Amino acid sequence: MLPNVYGFQWSAGHLIFLGAFFVVGTIIAITLAMALVRSLRDKGHKVETIRWKSEFGDLPERDRACRHQFDGRLPGRVCGNGFDCRLCAKHAEIAPGTAAAEPKERYHHRGHTWAQPQPDGTVLVGLDDLATSLTGTPERLDLPAPGTRVQVNGTAWRMERNGASARVLSPVDGKVVETGDSGRGWYLKIRPDNVDFRHLLRGREARAWLQREMDRMGALLPAPAVVGPTMADGGELVEDAAKAMPEADWDAVWGGLFLQP
Amino acid sequence: MAAKTKARYGMSIDVDRCTGCGACMVACAVENNIPPAPEGATDRKGITWIRVYKIDNGLPFPQNRSAWVPVLCQQCGEHTPCVSVCPQNAVEVDKTTGVVGQIPERCLGCRYCMAACPYQARYFNWWDPVWPAGMEKTLNPTVSPRMRGVVEKCNFCHGRLHEARAKAAAAGRREIDPADYVPACVEACPAQAITFGDLDDRNSQVARESREGSAFHLLERLHTGPKITYRSGRPWVHDALEIKVANNKKEPVRG
Amino acid sequence: MKLARRDLLKLAGGAALGTFFTPAPWKALDDVSIWTQNWSWMPVPPRGEATTRFTTCTLCPAGCPVRARCIGKQPVSLAGVGGGLCPAGLAGHHLPHYPGRVRGASHRGTRCTMDAAVAAVREVAKGGRVAILDQRPGRTASLVYRRWLAGQEGGLYLTPPAREDATLVALGGGLAFNLDEARTVVSFGAPLMEGWGSMARVLESRPKFHLVQIEARQSRTASMADTWLPAKPGTEAALALGLAHLLGSQDAGRFTPEYVERITGVPAAQVRQVARRMKDAGPAVVIGGGDPAGPFNREEEQAIAGLNLLAGAMGRTIVPRAEVPVPAGFDKLAAETALDDVPDGGIRLLIIDEAASGNPVPWSYLKRKLAPGAMVAAAACSLDGYASHADYVLPAPVYMETAQDVPAACDSPAATFSMAPGLLAPPEETIEPADFVLRVAGEGGTLAELLKARVEAIHKTRRGSVVTYADGTATPLAEMASADDLAKAFKAGARWTDAGTSSEAPGIAFAAVDAAAIERRAASAQFPLALVPFGWRGAAGPVSPIFSKLYQESRVRSSEGEARLNPATAREYGILDGGLMVVETSCGSQAMTACLDEGVMPGVIEAAIEPGTGVLEICDVEDWCGWRTAPARMRRA
Amino acid sequence: MDKELIIRGVRRASMGRFLLWLVPWAALLAFGVYAAGLCLYKGLGETNMDNRFAFGLWIFLDLSVIALGAGAFFTGFLFYILKKKELKAVINSAVVIGFVCYSGAVVVLAVDVGQPLRAWFTFWHPNVHSMLTEVTFCITCYLGVLAVEYVPILLKNRKLREVPRFLVFEWELHRLMYVLAAVGTFLSFFHQGSLGGLYGVLQGRPFAFREGFALWPSTFFLFILSAMAVGPSFMVLTTSLVQKITRKALVKPEVMQEMGRISGILLIVYVLAKTVDTLVWINSTSPSLGFPAHRFYASGPFGTWILFAEIVLFGLVPALILLSRDRRARMPWLISAASLACCGIVLNRFVMTIQTQAVPSLPFLPFVTYTPNWQEVGTFLAVVAYGVLVYSISFRYLPLFPQEKDLAR
């Protein structure tokens with residue numbers, strides 16, 4: 001390609017043609033490099049956010065249903081904000097005002113955790129009944145050490161049981177103060193950064209959603225679903241479904257339960 | 001398109017004189033170190049830079065008559081089909097001679113040029129060249145053998161042009177003596193059916209013959225401007241080669 | 001400051017980076033492509049000083065002058081002097097490396113010493129009825145054979161039947177064609193345009209004469225002739241008699257043009273036309289034979305040759321030619337014997353000189369002439385000729401390996417003499433066929449010495465002139481001081497030509513033609529088809545491997561085992577182009593592949609003769625004598 | 001055993017059955033590699049190609065495969081540039097197929113050229129007037145693009161995404177994907193076109209030669225058009241094939257039909273263009289070079305029926321089927337139309353490569369035919385096997401069809 005080596009001459013054609021291709025090559029290289037640089041520059045802070053964004057994108061459509069499907073205000077709407085209604089304009093206009101945290105009230109997260117504000121300003125985080133029934137007592141449980149920061153939709157803790165493992169999503173932003181366990185009915189005590197719980201469900205809305213969640217889980221469990229009907233008529237939940245149905249694909253069930261594709 | 005070249009070497013082949021003996025093919029192979037065919041080579045895989053084809057008038061016996069047409073690279077001058085297609089400049093028109101040269105050590109063997117050549121005058125090395133034991137002693141030192149996987153073709157015995165130039169340089173001449181540069185096939189033809197020379201030199205025999213009324217080019221209608229001219233006084237030869245008689249009257253296309 | 005390892009690495013890295021800004025790596029990159037051309041298995045031509053040497057081609061009777069471009073001693077390319085060369089001549093320098101070459105003397109396949117061979121042959125020779133088949137008569141070697149045979153009782157000096165000068169022999173010998181004088185040439189299957197006499201001379205006079213080709217095949221000559229009379233195979237002689245009749249011969253009374261037309265299939269009008277042309281557009285000459293594929297038989301040859309007398313060719317287009325002077329000691333020579341005249345089983349010892357290949361003779365034909373338990377010794381360079389049938393095989397040198405003399409071609413009006421010096425050293429334990437005979441005869445001397453003597457004999461005459469190949473200058477022999485100068489001239493490439501030819505016609509009273517025999521033969525074509533072999537001058541001997549260009553690589557020459565048929569004939573027998581078929585004659589059958597060609601006469605099977613094909617063998621039909629054609633039938637295989 | 005590699009909540013065959021499925025293809029691959037090795041080691045004399053048929057099976061298949069692989073760039077173009085969101089359902093599969101097609105084609109090309117060791121020389125000493133140069137540059141660049149596009153899919157694997165770095169890298173790269181999609185479209189336009197130009201510029205081959213605009217003969221544009229038209233059809237074909245083999249619903253029928261519709265629209269345009277081009281060629285281009293077009297179809301196997309099949313049977317017919325809403329709504333119709341369209345483009349590439357060389361230019365040369373021998377076929381099969389293997393493994397461990405889980409319930 002060097003001019004005059006073996007009589008090679010540059011012409012306008014060469015400039016245009018080769019120019020075009022070297023530009024293309026550079027673009028490809030730069031794109032790769034940018035992605036690489038960005039990923040290296042990030043010191044692990046964004047990971048939790050990104051993981052949620054990417055996993056939320058990979059969730060099946062029906063698992064991304066907007067909360068306002070349940071109260072029938074926006075039938076068939078699919079959430080585009082990763083279940084963070086604080087960012088949702090639609091939600092703002094439908095349910096204006098801030099939902100200030102009321103003590104002793106359970107705020108439900110779409111990942112089947114609840115947050116219960118305490119008088120001392122901390123928040124207890126635990127698994128709702130459905131999750132408890134479907135997880136029973138986990139074989140392995142690693143809770144974050146006190147002092148760890150957790151964020152909404154980020155990993156709160158991890159647990160494992162007969163082959164299934166899951167990251168439980170945190171309902172609130174904040175710092176872990178104390179850790180509990182399944183026995184005590186709550187897992188984490190968190191000092192929240194704020195008390196804006198707009199993204200969490202409560203009251204009738206929560207029940208409607210839970211209802212729907214039971215069907216969803218029922219579909220994942222082998223028929224005859226022991227859980228399904230009993231929940232359908234709002235009856236008792238099985239104490240430990242996992243023990244009752246070891247043959248079920250718990251990996252899939254937990255995936256559905258804790259919103260992990 | 002037609003790049004003006006210093007000289008324009010060309011050939012004129014008298015179809016009526018050609019006896020089809022094939023001396024040109026053998027001489028060419030000897031001169032250019034073209035190996036004998038390996039087992040299983042057919043007339044479709046062989047390498048014959050110049051190939052003699054038999055044509056006939058298509059009539060039944062005894063009216064049937066045949067003639068022989070030696071076909072080599074036509075050294076196209078106008079839209080040289082093979083030059084423009086080669087992806088890596090392995091085919092070049094020599095500015096000083098108008099000869100279309102193939103550079104084997106630059107060829108990657110994509111064979112696009114062969115698909116482009118309407119004269120089937122390009123040949124591919126399907127095998128590595130092998131000579132019977134001892135015969136490599138008889139190879140011509142002015143031409144290096146090509147290895148398998150490259151395309152090659154007639155280059156008007158480039159080795160001989162080199163030697164002629166060397167000779168001229170040694171004698172302090174700037175121009176080569178035409179008598180010193182004669183391709184092997186021309187020299188070998190027992191019937192002296194082939195003449196060779198510079199077409200731009202209007203007094204050269206080849207130029208004169210190319211202007212004859214009976215002169216024509218193969219596939220002239222493709223506008224490739226060949227530098228090989230054929231001649232025949234037999235009308236049926238013109239028909240068999242699809243030469244419109246109107247074509248031969250006018251000057252052969254300048255390449 | 002102290003240099004840390006780190007600094008060195010930095011330096012190295014920097015240097016590496018730096019080189020990328022110099023042209024070096026880029027140039028190298030370009031050169032890589034050239035390196036991919038030079039692999040260990042690629043042959044490298046020997047380099048060296050290029051020199052030009054001259055010789056004379058001994059591969060066929062034409063004896064063309066040759067300019068050899070040599071590197072060191074080794075010729076790397078050959079070219080004609082003042083003219084072209086035939087394919088065989090152009091690749092002659094490949095022959096020493098012929099793959100199928102004979103190496104070492106052998107007795108029935110097992111190696112033996114030369115002395116053993118000489119002793120064995122000498123022993124058998126004592127019993128008489130010795131014969132030598134000389135493939136190229138007229139050489140000094142031929143003199144050696146004839147002199148020895150003259151001494152043996154019942155010694156036979158045999159020459160191949162299919163000779164280019166067959167017509168001249170039929171006319172009594174000592175003659176030559178003079179095409180330069182001819183205005184009409186009537187050729188009975190003589191391959192004038194393909195290889196006959198001296199190509200250069202024929203082409204030179206070609207514009208001056210009208211060529212009438214009488215041949216069943218559309219040979220190259222036929223398709224280039226001015227008139228082509230495709231007579232049915234085996235009926236050429238009838239056509240000759242037809243012409244003789246029109247030229248006023250008594251012997252050919254019955255052969256009216258119409259009658260000829262019935263036999264030969266050539267329209268009477270055309271026969272008349274040719275006859276008229278021979279009369280009016282003279283001088284004419286009639287040439288028969290020389291077809292490498294096979295000879296005419298005796299009657300045919302006579303009928304054809306006889307036409308020359310009627311056409312008044314003698315003394316004008318056929319002239320007497322003096323012999324090249326012969327050294328002392330060669331006064332008693334055995335006469336040439338035609339193979340036909342040798343009684344079956346009449347030979348006890350047959351020595352074949354195949355070094356100078358001529359046109360082939362079917363082995364079956366030779367075999368008939370051998371007595372039971374006869375010995376055959378073949379001096380040959382290739383294993384696939386007669387060597388495969390011989391008891392003793394004697395490795396002979398090939399072209400360029402030893403000095404040879406080249407006699408005049410049949411179309412040279414004057415006697416000429418030239419030599420092919422030994423440009424290359426012959427391999428170990430080859431022996432000059434003539435030297436072998438000399439050793440058998442127990443007479444001392446070698447061919448080389450005899451050649452020297454012959455040159456001296458020529459020098460004595462002080463006649464004629466010597467033309468050197470290098471510059472084409474002619475020096476009268478009289479001006480050559482000594483025989484050594486002449487020898488030197490010959491070695492450097494030169495040709496001696498005798499002074500002008502004596503123009504007085506020899507009074508030849510021509511033997512009456514046996515018309516009845518010819519009729520019988522022409523009529524007896526009761527076999528449905530005719531097998532017509534065809535071949536190329538010298539193709540019977542070894543050819544360069546590069547000939548693959550002519551055979552499978554371009555099919556300019558049809559390869560062995562290929563039968564050419566007219567599509568109509570093929571259809572009749574349900575044979576497809578490229579299909580397998582079997583050809584049968586009364587003496588055998590041969591499998592071939594069909595190749596359809598409109599140019600082939602319907603009812604004719606054309607088959608190429610190559611070493612290895614049995615075509616000649618099945619053409620050699622007994623009581624038919626001559627194998628130019630054979631009645632045949634064919635079927636699909 | 002490889003459960004934690006498989007996406008959560010989708011069903012995959014047992015390891016044993018999966019291996020059983022891979023083994024025959026692996027065997028085929030091995031055989032083909034042997035055949036190709038033979039050609040590389042002994043030279044191309046091992047093949048049935050010859051001086052009259054300098055291009056054979058391989059080039060023909062390269063052209064076909066690359067045309068069918070056009071689905072990759074075109075789907076990417078529709079998805080990333082024209083924002084046709086529903087195509088998310090197939091984009092990953094499209095990328096994998098494209099990657100398989102192009103990498104396979106490049107490998108075969110490497111065997112096809114006589115001196116693979118000098119292949120790089122095209123980049124070093126390019127002749128910019130040659131269509132082949134354009135092809136070489138574009139295809140290599142585009143193969144790079146496809147590889148880069150393949151990376152995020154790979155990193156989406158359940159185990160790999162556990163690694164934070166990968167996760168972030170995948171995310172960042174995915175955000176820039178539209179750039180690559182644009183580049184890929186640019187490159188594809190050119191090399192699909194140049195592949196057509198390859199033959200259209202052959203002045204010496206009146207059968208292939210076409211006039212055109214500026215540098216580019218009409219075949220340049222026809223190839224682009226046909227490739228774009230058939231790309232989606234091929235996606236439909238492959239997707240439905242995977243669905244058949246895995247007995248799973250992977251893509252919503254609407255998406256399939258949408259792709260069919262797009263294919264149909266482009267196909268009808270292509271057919272019209274092709275018809276016009278053919279008429280111009282028959283009536284002006286070819287005669288002006290002294291070759292009456294009917295002569296090209298003189299020899300038995302290469303009769304005018306090819307022309308008919310190419311334009312009507314494999315062009316017009318599928319186009320009409322795909323354009324009618326209720327026809328393409330029925331899977332059998334959709335699939336058969338798609339396969340007809342694919343056959344059409346393959347036939348077109350066959351005509352351009354093989355038939356072009358079968359037709360002699362010199363009057364005294366005969367028509368010639370050529371049949372590939374086992375070395376050539378084997379090498380081709382190796383590429384097919386390679387493709388199946390890569391796709392199967394990708395399908396098992398990577399999220400090729402996001403809708404699978406929705407449809408599973």
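## Two backbone oddities in chain B

Let's start in a loop of chain B, the one that runs between strand S9 (215–216) and strand S10 (228–231), where B:Leu219 sits. Phi of B:Leu219 is near 50°, a positive value in a residue other than glycine. Keep in mind throughout that this is a predicted model.

Chain B has another backbone feature to look up on your screen. The peptide bond that leads from B:Phe61 into B:Pro62 is cis, with omega near 0°. You'll find B:Pro62 in the loop between S2 and strand S3 (66–71) of chain B.

## Where chain B meets chain D

Now for the contact between chains B and D. Chain B puts in 46 residues and chain D puts in 52 residues. Together they bury about 4200 Å², and carbon and sulfur atoms give 55% of that area. Which three residues supply the most of the area that chain B buries against chain D? They're B:Arg44, B:Tyr112 and B:Trp126, which supply 18% of it, more than any other three residues.

On the polar side, 35 residue pairs are in polar contact between chain B and chain D, counting pairs with both residues at pLDDT 80 or more. As for where chain B's side of the contact comes from, strand S2 (51–56), helix H2 (81–85), helix H3 (112–116) and strand S6 (122–124) of chain B each supply at least two residues. H3(B) has the largest share, with four residues. Sorted by class, the side of chain B that touches chain D has 29 nonpolar, eight polar and nine charged residues.

## A salt bridge across chains

The whole structure holds 83 salt bridges over all chains, and three of them are between chain B and chain D. One to pull up is the pair D:Asp50 and B:Arg44, whose side chains meet at 2.8 Å, N to O. Why does this pair join two chains? D:Asp50 lies in the loop between helix H1 (15–42) and helix H2 (57–68) of chain D, while B:Arg44 lies in the loop between helix H1 (23–31) and S2 of chain B, so the bridge runs from one chain to the other.

B:Arg44 turns up twice here: B:Arg44 is one of the three residues named above for buried area, and B:Arg44 also meets D:Asp50 in the salt bridge.

## Where chain C meets chain B

Chain B also touches chain C. Here 60 residues of chain C are in contact with 64 residues of chain B. The two chains bury about 4900 Å² between them, 62% of it on carbon and sulfur atoms. How many salt bridges are there between chain C and chain B? The count is three. In one of the salt bridges, the side chains of B:Glu187 and C:Arg67 meet at 3.0 Å, N to O. There are also 17 residue pairs in polar contact between these chains, both residues at pLDDT 80 or more.

On chain C's side, the elements giving two or more residues are helix H2 (23–35), strand S2 (65–71), strand S3 (74–80), helix H3 (87–90), helix H7 (199–205) and helix H8 (220–224). S3(C) gives the most, with five residues. The residues on this side of chain C divide into 32 nonpolar, 18 polar and ten charged.

## A five-stranded sheet in chain C

Further along chain C, five strands form an open, antiparallel sheet in the order S18-S19-S22-S20-S21. Strand S18 (404–406) and strand S21 (474–476) stand at the edges with a single partner strand each, so one side of each is left without a neighbour in the sheet. From one strand to the next, the twist averages 25°.

At one edge, S18(C) and strand S19 (residues 416–420) run antiparallel, joined by three bridges. C:Asp405 has C:Met419 in S19(C) as its bridge partner. Helix H16 (residues 483–493) of chain C packs on the sheet and touches S19, strand S20 (465–468) and strand S22 (494–497). The direction of H16 makes about 125° with that of S22(C).

## A six-stranded sheet in chain A

Chain A has an open sheet too, with six strands in the order S1-S2-S3-S9-S8-S5 and antiparallel pairing. Its edge strands are strand S1 (107–108) and strand S5 (149–150), each pairing on one side only. S1(A) pairs with strand S2 (residues 113–117) in the antiparallel sense over two bridges. To find that pairing by residue, look for A:His108, whose bridge partner in S2(A) is A:Trp114.

Terms used:
Residues numbered from 1 in each chain as written. Chains lettered and ligands numbered in written order. Predicted model: local features only at pLDDT ≥ 70, side-chain atom pairs only at ≥ 80, totals over all residues. Heavy atoms only, no water. Contact = heavy atoms within 4.5 Å. Buried area = accessible area lost by both parts, 1.4 Å probe. Salt bridge = Lys/Arg side-chain N within 4 Å of Asp/Glu carboxyl O. Polar contact = N/O pair within 3.5 Å; in protein donor to acceptor, adjacent residues only side chain to side chain. Nonpolar A, V, L, I, M, F, W, Y, C, P; charged D, E, K, R; others polar. Pairing = 2+ DSSP bridges. Axes fitted to C-alpha atoms, helices over the stretch in contact; angles between N-to-C directions.
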